Amino acid sequence: MAVKRGTTPIYTLNVGGKSLKRCKVFVTFEQDGKTITKTGDDIDVENKVDESGEPLSVISVSLTQSDTLGFDTGVARVQVNWIDYLGNRGETDIETINFEPTLLDEVIRYE
């Protein structure tokens with residue numbers, strides 16, 4: 001998926017084989033040493049089942065203008081980590097996200 005820098009997208013990831021509704025979930029974006037981790041109110045977890053009846057967690061992450069402007073144009077890495085109430089920790093494979101350029105390279109406001 002591509003995200004325009006300076007926008008406020010909701011980035012969606014699918015985690016198959018696990019229900020994460022009762023877990024504390026972290027989504028980390030990283031590019032050349034710059035890291036942003038989202039958790040809590042910035043993340044929505046929806047439990048579903050895939051076509052074979054296996055659990056599927058759909059994770060939606062809200063990014064701000066500052067978040068997306070914090071990355072350079074190009075590829076970044078993203079990973080989901082979670083921990084359940086028993087202390088069991090898991091993580092997904094690392095995926096990539098492409099940040100596309102913008103001509104207005106600053107946070108804008110509606111005032």
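Leaving aside neighbours within four places in sequence, E30 is in contact with T35, F71, A76 and R77. That is a good place to start a tour of this predicted model. E30 sits in strand β3, and a polar atom of the E30 side chain lies 2.9 Å from the backbone nitrogen of G33.

**Two aromatic pairs**

One of the contacts of E30 is F71, and F71 leads us to the aromatic rings. How many aromatic pairs does the structure hold? There are two, and the table sets them side by side.

| Pair | Arrangement | Centre to centre | Between the planes |
|---|---|---|---|
| Y11 and F29 | edge-to-face | 5.7 Å | 65° |
| F71 and F99 | stacked | 4.8 Å | 15° |

Y11 belongs to strand β2 and F29 to strand β3, so this pair ties together parts that are 18 residues apart in sequence. The F71 and F99 pair also links distant parts of the chain, 28 residues apart: F71 is in the loop between α1 (65–69) and β7, while F99 is in strand β9.

Are these rings buried or exposed? Both Y11 and F29 are buried. F71 has 3% relative accessibility, so F71 counts as buried. F99 counts as buried too, because its relative accessibility is 1%.

**The nonpolar core**

F29 appears again in the largest nonpolar core, which has 22 residues; V25, V27, F29 and I59 touch the most other members. Strands β2 (10–16), β3 (24–31), β5, β6, β7 (74–83) and β9 (95–100) each supply at least two residues of this core. Which strand gives the largest share? It is β7, with four residues. As background, nonpolar side chains tend to be buried together in soluble globular proteins.

V27 shows how many parts of the chain can come together around one residue. Apart from its neighbours within four places in sequence, V27 is in contact with L13, I36, T37, K38, I43, I59, V61, V78, Q79 and V80.

**A sheet of three strands**

Now look for the open sheet of three strands, ordered β2-β6-β5 and paired antiparallel. Its edge strands are β2 and β5, each pairing on one side only. From one strand to the next, the twist averages 20°.

Within this sheet, β5 (residues 43–49) and β6 (residues 55–62) run antiparallel and are joined by seven bridges. Across from E46, the bridge partner in β6 is V58, and for N47 the partner is S57. The two strands form a hairpin with five residues between them, and in the turn G53 has a positive phi of about 85°.

Terms used: Residues are numbered from 1 along each chain as its sequence is written. This is a predicted model: local features need pLDDT of at least 70, side-chain atom pairs count only at pLDDT 80 or more; totals for chains, interfaces and linings use all residues. Side-chain values use heavy atoms; hydrogens and water are left out. Two strands pair if DSSP finds at least two bridges between them. A nonpolar core is a set of buried Ala, Val, Leu, Ile, Met, Phe, Trp, Tyr and Cys residues joined through side-chain atoms within 4.5 Å. Buried means under 20% relative accessible area, exposed over 50%, partly exposed in between (1.4 Å probe, protein chains only). Contact means heavy atoms within 4.5 Å. A polar contact is a pair of N or O atoms within 3.5 Å; within protein, one must be able to donate a hydrogen and the other to accept it, and residues adjacent in sequence count only if both atoms are side-chain atoms. Axes are lines fitted to C-alpha atoms, for helices over the stretch in contact, and angles run from 0 to 180 degrees between N-to-C directions. Rings of Phe, Tyr and Trp (its six-membered ring) pair if their centres lie within 6.5 Å; planes under 30 degrees apart count as stacked, over 60 as edge-to-face and the rest as tilted.
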